[in-house]
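The following exercises concern burial and strand pairing in one chain. Each task is followed by a solution in steps.

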Amino acid sequence: MTSLGPTHRVHFAVGDEHTAKGVVDALTEVFFEGQAAIAAFERPDGRWDVTVHFGEPPDQRLVRELVANAAGAEIAAGIGFDTIEAKDWVKASLEDLVPVPAGRFVVHGQHHRDRIPPNKLGVEIEAALAFGTGHHGTTRGCLLLLDHVLKAWRPRRVLDLGTGTGVLAIAAAKALHEKILASDIDPPSVQVARDNARLNVSGHLVRAVRATGFSAPQFAQAAPFDLVLANILANPLRQLAGPMARHLAPSALVILSGLLTHQAPAVIAAYRARGLVPVRHLRIEGWSSLLLRKVN
């Protein structure tokens with residue numbers, strides 16, 4: 001969103017990524033592209049800053065109501081409204097993101113495209129939101145485990161479950177030069193993943209589909225999977241343990257993330273009951289990423 005006039009800014013902080021995503025989802029349902037540029041970024045203290053830029057003065061009462069419904073009245077009461085100079089705020093917010101290394105992978109924006117070392121695989125993500133760009137510990141943990149796995153093994157049937165921006169699917173496609181199935185429950189995320197795959201010249205390798213769990217016919221067609229990447233949340237991961245195990249090849253590997261470190265034991269127990277044992281456990285910024293292997 002670029003405007004010749006002043007930009008009207010709405011800004012506030014929330015306590016965690018889940019709440020930030022809920023707020024962003026609520027705002028994007030009401031304010032369409034072109035009306036507002038919405039950015040959410042994690043702070044060093046673990047809280048999340050949410051900033052919305054409008055070309056026209058927003059309805060403050062509506063904004064407070066939307067935020068209150070998604071994050072509570074206390075957060076809504078702390079919203080700041082101000083007016084600042086004109087600027088392309090999506091571009092500006094992305095330029096604040098530095099490249100994130102994770103093993104052989106580097107997640108970056110367009111403005112760092114020419115700075116990726118030749119011995120690294122760059123994954124360029126140009127989304128208006130920070131979710132899934134690699135700047136969160138869960139995404140980085142998945143990429144580090146993926147790099148670890150690919151040093152010793154070459155899976156042929158790979159699934160990125162809950163793909164979001166598509167960063168994991170794109171990384172796998174670039175490293176393996178194989179077709180990757182990516183899925184998400186959210187239609188806009190599926191489109192973002194497709195767009196990012198094309199941006200990374202991987203559109204012919206990444207097949208992004210809308211699906212809930214493992215119920216879509218594409219899963220039955222592509223299974224059994226040698227490797228599954230799932231960066232979602234702890235409760236859905238636990239619920240998916242059974243269906244996932246049924247779609248795995250013998251000795252398949254699974255990389256799970258999106259769970260707080262204290263949630264990891266319950267997730268590990270759910271998968272162990274389905275014949276998957278933990279191989280590696282990364283802890284980054286209070287988040288856990290797990291590598292599991294199917295043994296029966």
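**Exercise 1.** How many of the 5 residues of strand 9 (residues 180–184) are buried, and why is the strand described as largely enclosed?

*Basis.* The model is predicted: local features need pLDDT of at least 70, side-chain atom pairs count only at pLDDT 80 or more, and totals for chains, interfaces and linings use all residues. Residues are numbered from 1 along each chain as its sequence is written, and side-chain values use heavy atoms, with hydrogens and water left out.

*Step 1.* Apply the criterion: buried means under 20% relative accessible area (1.4 Å probe, protein chains only). Strands are DSSP runs of E with at least two residues, and helices are runs of H or I with at least four, numbered from the N terminus.

*Step 2.* In strand 9, 5 of the 5 residues are buried, so the rest of the structure largely encloses this strand.

*Step 3.* Separate the faces. In a regular strand the side chains alternate between the two faces of the sheet. Ile 180, Ala 182 and Asp 184 lie on one side of strand 9, Leu 181 and Ser 183 on the other, and all are buried.

**Exercise 2.** Which strand does strand 9 join over 5 bridges?

*Step 1.* Strands pair if DSSP finds at least two bridges between them. Strand 10 (residues 206–210) is joined to strand 9 by 5 bridges, and the two run parallel.

*Step 2.* Within this pairing, Asp 184 stands opposite Arg 210 of strand 10.

**Exercise 3.** Which residue stands opposite Ile 180?

*Step 1.* Strand 8 (residues 158–161) pairs with strand 9 in the parallel sense over 4 bridges.

*Step 2.* Opposite Ile 180 of strand 9 stands Val 158.

Key. Buried means under 20% relative accessible area, exposed over 50%, partly exposed in between (1.4 Å probe, protein chains only).
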